[in-house]
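The report below goes through the fold of one protein chain, beginning with a strand pairing and moving on to the sheet, the core and the surface.

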Amino acid sequence: MSFVRPAFVAAMRVLPPKLSQILGTLLLTAGLGVATDALARSYVGYTGKPWVNDYGVLFGECKAAQIAQLLKAGAFDQMALVDNDVNWQALLPSGTTEPARRIDSHCFAHTLELVPSGQAVRWLNPVSGNGLYIYPGPKSDTCRSYLGVLAVNGQKNKFRGEACVISPGVWRIQP
């Protein structure tokens with residue numbers, strides 16, 4: 001089996017992520033011994049940093065509940081984030097708790113990292129109950145513009161801005 005594994009893994013990488021994941025799970029269940037980490041797809045972000053998971057942003061919906069679970073487990077380095085400064089805090093509704101802000105930070109930054117210009121990503125924060133829609137704009141050398149909609153208690157507020165990379169996987173909202 002070891003002589004087949006490299007070709008098999010290469011074939012799995014060209015399949016769509018969901019199909020590759022399903023097929024890998026079926027093969028593991030069947031006892032064929034293909035390691036899931038060998039099948040893991042790498043998503044290279046805007047900053048050049050590879051990520052193991054897109055958390056749904058490439059399909060238009062950030063998996064905020066999954067991110068909340070990762071954050072509870074202390075897995076802070078699993079995805080991109082927005083620097084928690086005053087500009088980021090001003091973007092969110094006043095009174096947003098730290099756990100809710102972190103979830104939004106990771107979904108927002110992972111969207112900037114991986115999603116092509118003009119493709120919308122949405123999520124519902126399981127802690128705050130707020131909904132966010134982000135439309136990343138064109139890429140420059142170190143920054144990206146964005147358009148967004150924040151839905152709080154049925155009220156929708158549009159916003160726009162620019163975020164710039166301050167280190168691989170870390171974004172800062174510009175004033």
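## Pairings of β8

In this predicted model, strands β3 and β8 run parallel and are joined by two bridges. Within this part of the sheet, Leu81 stands opposite Val170 of β8. The antiparallel pairing of β7 with β8 extends over four bridges, and here Ser167 is the residue that stands opposite Val170 in β8.

The strands β7 and β8 form a hairpin in which two residues lie between them, and Gly169, in the turn, has a positive phi of about 85°.

## The sheet as a whole

These pairings belong to an open sheet of six strands, whose order is β3-β8-β7-β6-β5-β4 and whose pairing is mixed. Because β3 (81-82) and β4 (121-124) stand at the edges with a single partner strand each, one side of each is left without a neighbour in the sheet.

Further inside that order, β6 (residues 143-152) and β7 (residues 155-167) run antiparallel and are joined by 10 bridges. Cys143 has Cys164, in β7, as its bridge partner.

## The chain and its core

Along the sequence, the elements of the protein chain follow the pattern α-α-α-β-β-α-β-α-α-β-β-β-β-β, which comes to six helices and eight strands. Of the contacts between residues at least 6 apart in sequence, 52% join residues at least 24 apart, and buried residues account for 39% of the 175 residues in the chain.

The largest nonpolar core has 34 residues, and those with the most contacts inside it are Phe108, Trp123, Tyr146, Phe159 and Ile173. Helices and strands both contribute, since at least two core residues come from each of α4 (64-72), α5 (86-91), α6 (98-114), β4, β5 (131-139), β6, β7 and β8 (170-173). Among the contributors, α6 gives the most, with six residues.

## The exposed surface

The protein chain exposes about 9600 Å², of which carbon and sulfur atoms supply 58%. A nonpolar patch of about 250 Å² on the surface is made by Tyr133, Tyr135 and Leu147.

Which of the classes buried, partly exposed and exposed applies to Tyr135? Tyr135, which has its place in strand β5, has a relative accessible area of 33% and is therefore partly exposed, given that this class lies between the cut-offs of under 20% for buried and over 50% for exposed.

Terms used. Residues numbered from 1 in each chain as written. Predicted model: local features only at pLDDT ≥ 70, side-chain atom pairs only at ≥ 80, totals over all residues. Heavy atoms only, no water. Pairing = 2+ DSSP bridges. Core = buried A, V, L, I, M, F, W, Y, C linked by side-chain atoms within 4.5 Å. Buried < 20%, exposed > 50% of the residue type's maximum accessible area, 1.4 Å probe, protein only. Patch = residues over 30% accessible without salt bridge, like charges linked within 9 Å, V, L, I, M, F, W, Y side chains within 5 Å. Areas by Shrake-Rupley, 256 points an atom, 1.4 Å probe, with all protein chains shown as cover. Salt bridge = Lys/Arg side-chain N within 4 Å of Asp/Glu carboxyl O. Contact = heavy atoms within 4.5 Å.
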